[in-house]
Amino acid sequence: MMLSRSKPGFKLFIFLLLAITAIIFLVAGTAFAKKAVRLVVDGKEISPDVPPQLIDGRAVAPVREVAEALGAKVAWDAGSRTVKVVTGDWLGQLAGSLARAGDEFKPAPDVKGEVKKLWRVGEHRFLLEHVWNMDYSYFLCDAETGEKDLIVGFLESARLKEVGDDELVFVAKGGGDCGDYSFPYLLRYDVENKKLSREELYLTRSVAFGASGAWEHVFKGVSLKDGAVALELAVAPEQVLAGGHKRPFTVVDRRHDGLTVRIYGVRCPKSSEGELKPDHPLIERISWRALPAQEPVANEDLLKEDFPYGAALKSAAAIQGPSLLVEIDTRGEPAYNIVTSSTRDLKLIYTVKFK
């Protein structure tokens, strides 16, 4: 049969047959290509939910499965539409160490700056305590993204008090850059909102604060203001006013029936000894007197105790000079707080509050 004599329908049939054959081979070839793309990481084949593909001659594989197989962490930031990949094995090492050591590391010896302790915070966070000599800083690390945020710096002179999934609580006393430590206060860190707040702390124990190198002061008097005990000091007139107005070194010994407050580097006039018996629901009596320079330092154990309540002193030799002793007798065992404030005329006010 001559082709020129064939019917038009036969030509159409041959065309459709060739087209269908090409489509079958194309589909088969594509399917074969998909099956042929295997994902092997460090000699181990993995099977991701979204299989790798050949697109325009390039092999395309899902980033999460590849990165996690290599020990990295992958996270999606919907706000910035960013895929974050964090390499390195430090998070894995921390997680392994935490699993072996329990809730915190055994403290390491004091050498150079290092991570001293570690706590788990929620499902995927770690709190790191980093120490350089006596400077403590706290970092919150996200095990999913690898982000490490400094939440409490060494200037706060803080120590961790409580760990919760939503909140971290520290006791601090400041003064990290100049050694002028305040009465301890609380720092609360909101984990989800990344906010640090400060609040007053009322103690039921003894404490030391202030600075050993403060200006010498002169005692001016004791009074009761708004239910609190006010101790008024003034800078001694012959002092060279350099280095800022620091708090004098102060030791507060809490008794079962009150407080004994000893403020070092304070001169008292001969007539300064006295007492008050205020009309107060918690305070029965306030008395004060001068102590000579040779009087032994108060509560040496507290001076050697670490922050935030002690002074972390190896020796009490730096605590010298005359001192003021104030005794506050109370009804029961109330908690107390001390606020110190300077005035423009170089006065320093200690405000002792109870609750």
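**Notebook: a helix, a patch and some strands**

I began with V63 and found it in helix α2, which covers residues 63-69. I kept in mind that this is a predicted model.

Next I looked up how open V63 is to its surroundings. Its relative accessible area is 43%, so I noted V63 as partly exposed, because that label lies between the cut-offs of 20% for buried and 50% for exposed. I then saw that V63 joins W76, V83 and V85 in a nonpolar surface patch of about 360 Å².

I turned to the sheets. One open sheet has four strands in the order β11-β12-β13-β14, paired antiparallel. I asked myself which strands stand at its edges. They are β11 (159-163) and β14 (195-200); each has a single partner strand, so one side of each lacks a neighbour in the sheet. From one strand to the next, the twist averages 25°.

I followed β14 to its partner. Strand β13 (residues 185-190) runs antiparallel to β14, and six bridges join them. One pair I picked out was R188 with its bridge partner S197 in β14.

My last stop was strand β17. Is β17 mostly covered or mostly open? It spans residues 228-235 and is mostly covered, with seven of its eight residues buried. Strand β16 (residues 217-225) runs antiparallel to β17, joined by eight bridges; L224 has V229 in β17 as its bridge partner. The two strands β16 and β17 form a hairpin with two residues between them, and D226 in the turn shows a positive phi of about 55°.

I also found β17 paired with strand β25 (residues 347-354), antiparallel, over six bridges. There, L233 stands opposite L348 in β25.

Definitions and conventions: Residues numbered from 1 in each chain as written. Predicted model: local features only at pLDDT ≥ 70, side-chain atom pairs only at ≥ 80, totals over all residues. Heavy atoms only, no water. Patch = residues over 30% accessible without salt bridge, like charges linked within 9 Å, V, L, I, M, F, W, Y side chains within 5 Å. Areas by Shrake-Rupley, 256 points an atom, 1.4 Å probe, with all protein chains shown as cover. Salt bridge = Lys/Arg side-chain N within 4 Å of Asp/Glu carboxyl O. Buried < 20%, exposed > 50% of the residue type's maximum accessible area, 1.4 Å probe, protein only. Pairing = 2+ DSSP bridges. Axes fitted to C-alpha atoms, helices over the stretch in contact; angles between N-to-C directions.
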